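User: I would like to go through some of the labels given to side chains here and hear the reasoning for each.

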Amino acid sequence: MRSDGDVVIMRPYIDYARLLMPLLWDRYRLRTVAVFTDPVGLRKNFGRAPELRAPYVAASYLADEDRLDAVVDVLRERHDIRAVLPVGEADVLPLARIADALGLEGSDLQVRSRFRDKAALKEFLRSVPGGPRVNVSLLVRTPDDVRAALAEHGLGRAVLKPNAGVSNRDVLYVGPSTPDQVLERYFRDPSGEVLLEEYVDGTEYFVNGQVDEAGVVHVFSVNQYVRRTLNGREGVSTGDFTVATSRPEFAIAADYAREVLRPTGLRRSPFHLELKIDDRGPCLIEVAARFCGAGIVLRDSDAHGGLDVLGIGAHHYLSAEPYGDYALDWREYDAHVRGLVQGIGTRDQRILSLAGARRAEAMPEFVRWDTRPRYGDHVVPTVDFATVPWRATVSCQDEEHFHRTSDRMRAVLAFDSRGGRRLERVQALPALVPQAAVQAYGRLAPGLHLQRIAGHA
């Protein structure tokens, strides 16, 4: 089978990757080199990507992310790599390093590295003359650092988060009255650098789009988060929905996204930017150089009557030539309020009794499952974007209809742990495959042909 070269995708069991692999083959005759760096993720997901056994996959490798030089050597020796395609936040930096080492056209390691360093990106934006509004932010290492920063900058409230964090994990709201033991507990088991940011009041939005080869920022959608206090954690997302172009917040958010992204030097990349709008206007929360997660790329496609979001992104990763007209359909975008409804876990359990999934699917507003609840799933209390038991895309008449639909869908879906120990053992098996079994990839995932890349000494 003739191929015109290869591309690299990490964590290829992610839904976007599963869609991109056949797209890259059908449009460009490019095969995929699948690189796994997370044995746990591979163990849990080896059955989710039948595309990995397709003829348009050149090879599948298991490698150590801390020793990418070995990966680069293998890619250079065995493959004609044309591009790297990050499909999630964790892929952005390692793939940027691989692209830089291979000398791929359009790779700018300094720019893309900054997008995985929240402190560095905001510091850079603060240095731009006449640049966008950016809140106070600085790295902190101890509770004393937090106290000093609050006092020095006169902050009544601030947010602590991992500097390289994802999915709103490990976020803590603090102020001068925060007990010492709370801060000490937060810093007790650090997972990297911690960023302190000035708290910004107001409603939170996000903007999705594409930066083209000339640095022009194209907005595909503006969306509003729905956040609540859940399980003792503030600001937890329970969903989000598209903002109509007739609302003033649409133009405010879209213009601000352009103001933020233009000076960064980012080119040929999709983006996902989060901001708040308060009485002073828009202010950056954070921005990512990747597709928006949770299947929302598909929602953006639907919103414009079939916008080629993944295809646009793939084209720009591969080529410095213009894509052409993106075919944005704002009339179709405004015809519906499309949104994501998220389930809420309240305790640690296995789903051994599930009711209402078919009733939810029969609702006229239902579009698709982005994460379908299944028997045997492990559910934990929802405290961030990564601990949501299920997600569904819906299409509604207006914002009020979206909120009613969200409440109704959560009321329809019900699960608990009752069902018997035998059922628990059987249904939970895919999530509990022992590490030893991973060594038998040929038996567990026939056709995957996974090869191990040994790291350099």
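User: Which residues does Arg 112 touch, not counting residues up to four places away in sequence?

Analyst: This is a predicted model. In it, Arg 112 touches Val 92, Ala 96, Gly 106, Leu 266, Arg 267, Arg 268 and Ser 269. Arg 112 itself is placed in helix α5, residues 109–114.

User: What is the nearest side chain of opposite charge to Arg 112, and how far away is it?

Analyst: That side chain is Asp 108, 7.3 Å away. A salt bridge needs a side-chain nitrogen within 4 Å of a carboxyl oxygen, so Arg 112 has no salt bridge, yet it is buried.

User: How many disulfides does a search of the whole structure find?

Analyst: Zero. Cys 292, for one, is in no disulfide, and the nearest cysteine sulfur to it belongs to Cys 396, 18 Å away.

User: Why is there no bond from the sulfur of Cys 396 to that of Cys 292?

Analyst: The two sulfur atoms would have to lie within 2.5 Å. The sulfur of Cys 292 is the closest cysteine sulfur to that of Cys 396, but at 18 Å it is too far for a bond.

User: What makes Cys 292 and Cys 396 count as buried or exposed?

Analyst: The limit for buried is under 20% relative accessible area. Cys 292 has 6%, so it is buried. Cys 396 has 2%, so it is buried as well.

User: How many aromatic pairs are there?

Analyst: The count is 13. One of them is formed by Tyr 186 and Phe 187, with ring centres 5.6 Å apart and planes at 80 degrees.

User: Why is the pair of Tyr 186 and Phe 187 called edge-to-face?

Analyst: Centres must lie within 6.5 Å for a pair, and planes over 60 degrees apart count as edge-to-face. The 5.6 Å and 80 degrees of Tyr 186 and Phe 187 meet both conditions, so the label follows. Tyr 186 is buried at 18% relative accessible area, and Phe 187 is buried at 12%.

User: Why is the pair of Phe 366 and Trp 369 edge-to-face?

Analyst: The ring centres are 5.2 Å apart and the planes stand at 65 degrees, so this pair is edge-to-face too. Both Phe 366 and Trp 369 are buried.

User: Which residues do ring pairs link into a cluster?

Analyst: Phe 220, Tyr 323 and Tyr 326.

User: How do you know that the charged end of Arg 114 sits over the ring of Phe 124?

Analyst: The charged end of Arg 114 is 4.2 Å from the centre of the Phe 124 ring, and the distance limit is 6 Å. The charged end of Arg 227 likewise sits over the ring of Tyr 225, 4.2 Å from its centre.

Notes: Residues are numbered from 1 along each chain as its sequence is written. This is a predicted model: local features need pLDDT of at least 70, side-chain atom pairs count only at pLDDT 80 or more; totals for chains, interfaces and linings use all residues. Side-chain values use heavy atoms; hydrogens and water are left out. Rings of Phe, Tyr and Trp (its six-membered ring) pair if their centres lie within 6.5 Å; planes under 30 degrees apart count as stacked, over 60 as edge-to-face and the rest as tilted. Buried means under 20% relative accessible area, exposed over 50%, partly exposed in between (1.4 Å probe, protein chains only). A charge sits over a ring if NZ of Lys or CZ of Arg is within 6 Å of the ring centre and within 35 degrees of the ring normal. Helices (H or I, at least four residues) and strands (E, at least two) are DSSP runs, numbered from the N terminus. Lys and Arg count as positive and Asp and Glu as negative; His and the chain ends are not counted. Contact means heavy atoms within 4.5 Å.
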